[in-house]
Amino acid sequence: SIQRSASALAASIEDGRFQISQDNMLPSNILFALYSPEGVWLDGNSRFMDGMPPHPGRIEQTHYNGHFHWLALDVPTSLGLVRVMISSNQQAVLERMLIIWAIAFLPIALLSFFGGRVIASSAMRPIRMITKAASQLGKGDLSGRIMLTGQTDEVGELVKTFNTMATNLEQAFEREKQFTSDASHEMRTPITVIIASAEDALHDDTAESYRQSATVILSKARELQKLLTQLLTLARTGQQQSSMVLERTELAPVLRNIALEAQDWAAAKAITIESVLQTGVFAKIDLMMFTRIMVNLIDNAINYSPESSKLTITLSGDDTSAVIAVEDQGIGIAPEDLPHIFERFYRADKSRTAGTAGRNSGLGLSLVQMLVQLHGGEISVQSELGRGSKFVVMLKI
């Protein structure tokens, strides 16, 4: 740039002056002057270069007042010397930037430090809340929840998942507490009867007393055995699911065999079992578990049916599902009790226990529902007080 400007200026000299045309405009930061051979200023836009020693043909770096750096070029002409200078103040810029950074470093560093702490604290607050809640959870306090609103990122999803997990754990723990309490209560009655019968036999050592006590003890021991079997089955839900062997099986022959066996149990109450079974209906079942489902449903129907009544087992199906129904002519279930009959240890005292005290643990239907769900099926009930109940099991083909 300085060379082009110097050449243009040297070519434009006429009558001892610069004649710069509009077509030959110079950069705005150019300083130039024309000196006579004696060093007298003749023309130009600046005179602060007066007195500088000439350096013809070489670009030299110089400075002015110790602050501003310049590049200078002297071009000899017939009239003397054309001197051109362009500011070269990179060093000054660097020095200014150094001063600015030195001044700004401390507030920037403080702002970065404290701003970073504020941002980090805000970002880590949900993590600290999760850590605290997890610590409380580990100590057995399952009521703790993380109250965090407006967080929709990954941390928000983590908090939502944690709260869901804590809720599920609390509910499971409460169910287990209730289950333990109910199981203890259910076992306390037969154990008390067994102890009382044994004490009666010891005080009255007649053969008849022994016989009566042995009969009661045997009955209650069988109740306990049935209760414990059902409790173990319910407690091993996960193990049973992993050990299930599902096979595509025609249901009519299986149900026919179960009905024939159940007729022996129903004979004590002169109950007739009728089977209406559609042939060619298949479903994927675990034979042992399916048999337990049907045995529990039939046993439940026999327990709550009057003498000389009828119990009907039906089977129907299509291309998507198989439907098994067990219908009795028993005492029925009150509408307010229907939503609860599959709950563990629930017994509808007003409608379902008349004349059957001590014969039902309240676990049979809960067990049935669990086994049906393990098969991927559904169970429902229709009932009317005084007219009987109908349990319907639907299994996918």
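**Figure 1. Aromatic pairs, beginning at Phe113.** Phe113 is partly exposed, with a relative accessible area of 47%. This is a predicted model. The ring of Phe113 pairs with that of Phe114. Their centres lie 5.1 Å apart and their planes stand at 80 degrees, so this pair is edge-to-face. The structure holds three aromatic pairs. Another of them joins Phe18 and Phe32, again edge-to-face. Here the rings are 5.3 Å apart, centre to centre, with 85 degrees between the planes. Phe18 belongs to strand S2 (residues 17-18) and Phe32 to strand S3 (residues 30-35), so the pair ties together parts that are 14 residues apart in sequence. Phe18 is buried, at 10% relative accessible area. Phe32 is buried too, at 11%. Both values fall under the 20% limit for buried residues.

**Figure 2. The whole protein chain, for orientation.** The chain has 397 residues, and 35% of them count as buried. Its secondary structure comprises nine helices and 14 strands. Take the contacts with a separation of 6 or more: 62% come from residues 24 or more positions apart. The accessible surface comes to about 23800 Å². Carbon and sulfur atoms hold 56% of that surface.

**Figure 3. Strand S7 and its pairing with S3.** Strand S7 covers residues 80-87. Seven of its eight residues are buried, so the strand is largely enclosed by the rest of the structure. S7 pairs with S3 in the antiparallel sense. Six bridges make up this pairing. Within it, Ala33 stands opposite Arg83 of S7. S3 also carries Phe32, the ring partner of Phe18.

**Figure 4. Asp74 and its polar contact with Arg83.** Asp74 sits in strand S6 (residues 68-77). Is Asp74 buried or exposed? Its relative accessible area is 3%, so Asp74 counts as buried. The side chains of Asp74 and Arg83 are joined by a polar contact of 2.7 Å. Leave aside residues up to four places away in sequence, and Asp74 still touches a run of neighbours. Among them are Pro53, Pro54, His55, Pro56, Gly57 and Arg58. Leu81, Val82 and Arg83 are also touched by Asp74. Arg83 thus appears in two views, because strand S7, largely enclosed, spans residues 80-87.

**Figure 5. The open five-stranded sheet.** Five strands form an open sheet in the order S9-S11-S12-S14-S13. The pairing is mixed. Strand S9 (272-277) and strand S13 (378-384) stand at the edges. Each has a single partner strand, so one side of each is left without a neighbour in the sheet. From one strand to the next, the twist averages 15 degrees. At the S9 edge, S9 pairs with strand S11 (residues 310-317) in the parallel sense. Six bridges link these two strands. In one of the pairings between S9 and S11, Thr272 has Lys310 as its bridge partner.

**Figure 6. Helices H6 and H9 across the sheet.** Helix H6 (residues 251-266) lies across S9, S11 and strand S12 (321-327). H6 runs at about 175 degrees to S9. Helix H9 (residues 364-374) lies across S13 and strand S14 (388-396). The angle between H9 and S13 is about 140 degrees. How many of the 11 residues of H9 are buried? Nine are, and the helix is mostly covered. The buried residues of H9 include Gly364, Leu365, Ser366, Leu367 and Val368. Met370, Leu371, Val372 and Leu374 are buried as well. Just after H9, Gly376 takes a positive phi of about 75 degrees.

**Figure 7. Lys220 in helix H4.** Lys220 lies in helix H4, which spans residues 207-235. At 17% relative accessibility, Lys220 counts as buried. What does Lys220 touch, not counting residues up to four places away in sequence? The partners are Pro190, Val193 and Ile194. Pro190 and Lys220 are 30 residues apart in sequence. In space, their C-alpha atoms are 5.3 Å apart.

Note on methods
Residues numbered from 1 in each chain as written. Predicted model: local features only at pLDDT ≥ 70, side-chain atom pairs only at ≥ 80, totals over all residues. Heavy atoms only, no water. Helix = DSSP H or I, 4+ residues; strand = E, 2+ residues; numbered from the N terminus. Buried < 20%, exposed > 50% of the residue type's maximum accessible area, 1.4 Å probe, protein only. Contact = heavy atoms within 4.5 Å. Areas by Shrake-Rupley, 256 points an atom, 1.4 Å probe, with all protein chains shown as cover. Polar contact = N/O pair within 3.5 Å; in protein donor to acceptor, adjacent residues only side chain to side chain. Pairing = 2+ DSSP bridges. Axes fitted to C-alpha atoms, helices over the stretch in contact; angles between N-to-C directions. Phe/Tyr/Trp six-rings, centres within 6.5 Å; stacked < 30°, edge-to-face > 60°.
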